[in-house]
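User: Could you walk me through a helix packing and a cavity search? I have the structure open.

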Amino acid sequence: GIDALEKAGFVVTKRNLGAGSRGLVPDSKNSKSPFSNLKVRQAVAYAIDNQAVTKALSFGENEPANQIIYKGHWGYNSSISGYPYNPNKAKQLLAEAGYQTGFKTKIMYGTNAENDQLFTAIQGYLKAAGIEAELVPTQSAKMNHLIFGGTWEGFVASQATGNPDVLSLLSTQFAGVNNYTQMLIPDDYLKAIQSAVSASDFSDKQKYTQEAMKLMIDKYCLQMPIYCGLEFAVSQKYLLNHGFEGTPNTPWWTPEEAW
């Protein structure tokens with residue numbers, strides 16, 4: 001782990017700058033889906049122990065999330081309560097929504113080993129709550145076509161970064177023309193995003209962005225964030241000015257300036 005590298009004398013440069021959040025987006029816009037019911041969406045959020053999942057899959061280095069951006073980002077809303085792991089609450093909400101015996105659904109995600117581990121773990125938590133989720137690993141091109149231009153059933157995996165500007169993410173993927181086609185977009189949530197886009201100064205932009213974040217999670221539970229990723233680079237102590245992990249969303253460094 002990172003601690004071991006540091007103890008061995010290496011310099012570890014960490015950042016959240018480019019690392020995106022991981023989570024689930026249910027088909028809440030589909031009136032025939034169980035996820036059109038807010039209580040069902042909230043039940044799913046309570047059913048997943050994102051603290052345990054994050055610790056197990058990233059050796060505790062990633063950040064368990066209750067929103068789609070990391071702590072310290074200007075759009076992060078510290079007033080968001082989220083849905084701390086509570087399996088009893090999850091079962092209660094499912095029963096109140098009329099799903100005492102649960103239901104079957106699907107989780108579509110991009111094909112890779114990391115995702116296999118992540119969504120297998122989530123599958124287990126959902127099963128414990130009474131939801132039987134079929135895992136559907138999918139090639140990225142097909143997945144993007146279905147998510148942003150077609151239709152899909154159940155959950156799709158989300159992977160989103162708030163940099164360089166989280167508002168561009170909200171106003172496109174999560175509310176705009178190229179959004180998740182099966183995700184519900186409530187009027188007040190959309191209005192908050194539009195107000196942020198048209199804001200004349202940064203303070204208003206931040207206020208409306210954070211408002212949209214809270215509506216997304218606490219009021220409507222439009223998606224279930226699992227963790228925000230942490231990226232890091234390892235270098236020798238004698239290598240200076242390397243630029244590792246200094247630029248959002250890129251692997252670039254500055255060898256021409258290193259010494």
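Here are a few questions and answers on those two topics.

Analyst: Happy to help! This is a predicted model, where local features need pLDDT of at least 70, side-chain atom pairs count only at pLDDT 80 or more, and totals for chains, interfaces and linings use all residues. Residues are numbered from 1 along each chain as its sequence is written, and side-chain values use heavy atoms, leaving out hydrogens and water.

User: How are helix α8 and helix α9 oriented, roughly parallel or roughly antiparallel?

Analyst: Helices here are DSSP runs (H or I, at least four residues), numbered from the N terminus. Axes are lines fitted to C-alpha atoms over the stretch in contact, with angles from 0 to 180 degrees between N-to-C directions. Helix α8 (residues 187-197) and helix α9 (residues 202-219) pack at about 160°, their axes 8 Å apart. Angles over 145 degrees count as roughly antiparallel, so α8 and α9 are roughly antiparallel.

User: Which residues line the largest cavity?

Analyst: A cavity is a set of points on a 1 Å grid over the protein atoms alone where a 1.4 Å probe fits but cannot get out, and lining residues have an atom within 4 Å of a point. The search finds one cavity of 30 Å³ or more. Helix α5 (residues 113-129) gives the largest share of its lining, three residues. The full lining is Ala47, Tyr85, Pro87, Tyr125, Ala128 and Ala129.

User: And what volume does the largest cavity have?

Analyst: A volume is the space filled by probe spheres set on the points, which are joined across faces, edges and corners. For the largest cavity, that comes to about 30 Å³.

Terms used: Helix = DSSP H or I, 4+ residues; strand = E, 2+ residues; numbered from the N terminus. Parallel < 35°, antiparallel > 145°, perpendicular 65-115°, else oblique. 1 Å grid on protein atoms, 1.4 Å probe; cavity = no way out; pocket = protein on both sides within 12 Å on 5 of 7 lines; lining within 4 Å.
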